[in-house]
Amino acid sequence: MSEFPSGDQDYDSMIGWEPDSVRERKERAKKRAEQESPAMLYCRGMNAWLQTTMPVSAGDELFGQFWLPGELAVLFSSAGVGKSILATQIAESLARGIPLAPFDTGAALPPRRVLYLDFELTREQLLMRYSAVGEDGVTMSTPYSFSSDIIRSEMYWNGRVAYGYESFSDMLFAELEAIIYDERIDTLIVDNITFLDRTSTSNINTSLGIMRRLNELKREQFVSILVLAHTPKRHGAPAELTESDLQGSVNLTNFADSVFAIGRSAVSSDLRYLKQIKVRSGRTKFDRNRVAVYRIAKFDLAKCLGVTKQTDRKPVKNFLGFTFVEFGDENVHLEEAGSPVGLGGRQAQVAKARLLAGKGKSARKIAAELGIPRTTAHRYMQRP
């Protein structure tokens with residue numbers, strides 16, 4: 001008979017035994033210890049992060065509060081409204097280091113090196129936009145002289161994916177990184193996003209992948225990026241511009257630091273307005289109640305920017321661009337069918353503004369009573 005109670009004689013067999021779950025965890029930990037760390041997370045104290053961040057003044061702007069340094073911004077509109085025209089003008093402004101009106105009251109940024117990916121215009125179309133039209137309305141002369149710090153590119157691709165690359169966009173982004181480094185680019189404008197991949201950006205995976213690559217480019221190359229995008233065709237009555245108008249809006253807006261749009265005005269065929277749709281770092285200054293209104297036409301940009309040495313020369317209208325008019329209410333620029341104000345309502349507002357002005361009320365009081373910006377009230381007061 002054993003000297004141990006029943007079952008106790010088996011205790012010595014427990015030496016070295018471990019539950020399976022413990023043994024598996026130890027094995028996994030040992031394997032991880034032997035592997036090289038992927039180094040995916042870079043950790044620092046919060047104060048250290050603040051100290052290593054590039055200082056940005058609250059007044060630093062690339063294009064007002066629409067686009068700030070270090071941001072990935074998206075500008076969208078329907079076809080033919082003027083995205084490329086505005087983007088080219090912004091590029092020239094940044095390359096010259098001269099802000100565009102009405103954002104030219106603060107301190108100017110140093111001139112920037114701009115890479116403009118132009119997947120829209122042919123060289124002939126470019127010449128027509130940025131040359132003066134002769135008296136016969138056909139001949140072009142006196143091309144505008146752009147800053148040498150703007151580098152424009154056109155697409156050249158034989159349709160084949162080179163060895164070692166997975167796709168067209170994979171090749172394009174690899175070349176982009178090389179050009180940004182070689183040319184010391186700090187600002188990138190993409191006209192437009194549909195050319196970054198050969199599939200539609202309305203496809204969720206495609207737009208998601210493009211915006212991820214652009215964000216990586218922004219962080220790794222320290223560039224500010226402006227991407228132009230289309231709106232799908234609208235159906236029904238015109239309405240205010242919103243995030244839902246942007247094609248592939250969910251992924252584009254989620255990854256973008258700022259989003260703004262160009263609207264076509266119903267007041268006049270040559271008027272456009274700019275509206276902030278999303279703001280992450282800046283301030284919302286240009287919403288539906290205070291859109292920035294511009295007139296699109298050919299004018300003498302060199303003289304406006306003060307870059308011409310001939311102060312007494314005659315104006316040369318060789319730059320198709322945006323000239324600032326005023327700040328106003330978005331509803332004023334919508335068709336009557338799509339807005340509670342519209343054209344008919346605006347005429348009533350003008351009449352009431354003039355009536356109140358005749359009673360001695362100021363533009364500020366009229367604006368408060370009619371629910372419109374003060375500048376709009378002042379303009380209504382001056383109408384015949």
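**A covered strand, two helices and some salt bridges**

Let me begin with a pairing: strand β6 is joined to strand β7, residues 224-230, by four bridges, and the two run parallel. Within that pairing, Ile 189 has Leu 226 of β7 as its bridge partner. I should say at once that this is a predicted model, so please hear everything that follows as computed from that prediction.

β6 also pairs with strand β2, residues 114-118, again in the parallel sense and over five bridges, and there Val 114 stands opposite Thr 187 of β6. How many of the five residues of β6 are buried? Five of the five, residues 187-191, are buried, and therefore the strand is largely enclosed by the rest of the structure. In a regular strand, side chains alternate between the two faces of the sheet. In β6 both faces are covered, with Thr 187, Ile 189 and Asp 191 buried on one side and Leu 188 and Val 190 buried on the other.

Turning to the helices, α5 covers residues 168-182, and its 15 residues reach 21 Å from the first C-alpha to the last, close to the expected 21 Å. Its buried residues include Phe 168, Met 171, Leu 172, Phe 173, Leu 176 and Ile 180, and just after the helix Arg 184 takes a positive phi of about 60°. Helix α3, residues 83-96, has 14 residues and reaches 20 Å, close to the 20 Å expected; 13 of its 14 residues are buried, so that the helix is mostly covered. Just after α3, Gly 97 takes a positive phi of about 75°.

Finally, the salt bridges, of which the count comes to 15. Glu 240 and Lys 275 meet through their side chains at 2.8 Å, N to O, and this pair links distant parts of the chain, with Glu 240 in the loop between β7 and α7 and Lys 275 in strand β9, 35 residues apart. Which of these partners is buried? Lys 275 counts as buried because its relative accessibility is 5%, under the 20% cut-off, whereas Glu 240 is partly exposed at 25%.

Asp 257 forms a salt bridge with Arg 280, the closest N and O atoms being 3.1 Å apart, and the two sit in different loops, Asp 257 between α7 and β8 and Arg 280 between β9 and β10. Here Asp 257 counts as buried at 7%, while Arg 280 is partly exposed at 46%.

Last, Arg 152 and Glu 154 form a salt bridge at 3.0 Å, and both belong to a network that also links Asp 118 and Arg 123.

Methods
Residues numbered from 1 in each chain as written. Predicted model: local features only at pLDDT ≥ 70, side-chain atom pairs only at ≥ 80, totals over all residues. Heavy atoms only, no water. Buried < 20%, exposed > 50% of the residue type's maximum accessible area, 1.4 Å probe, protein only. Pairing = 2+ DSSP bridges. Expected span 1.5 Å × (residues − 1). Salt bridge = Lys/Arg side-chain N within 4 Å of Asp/Glu carboxyl O.
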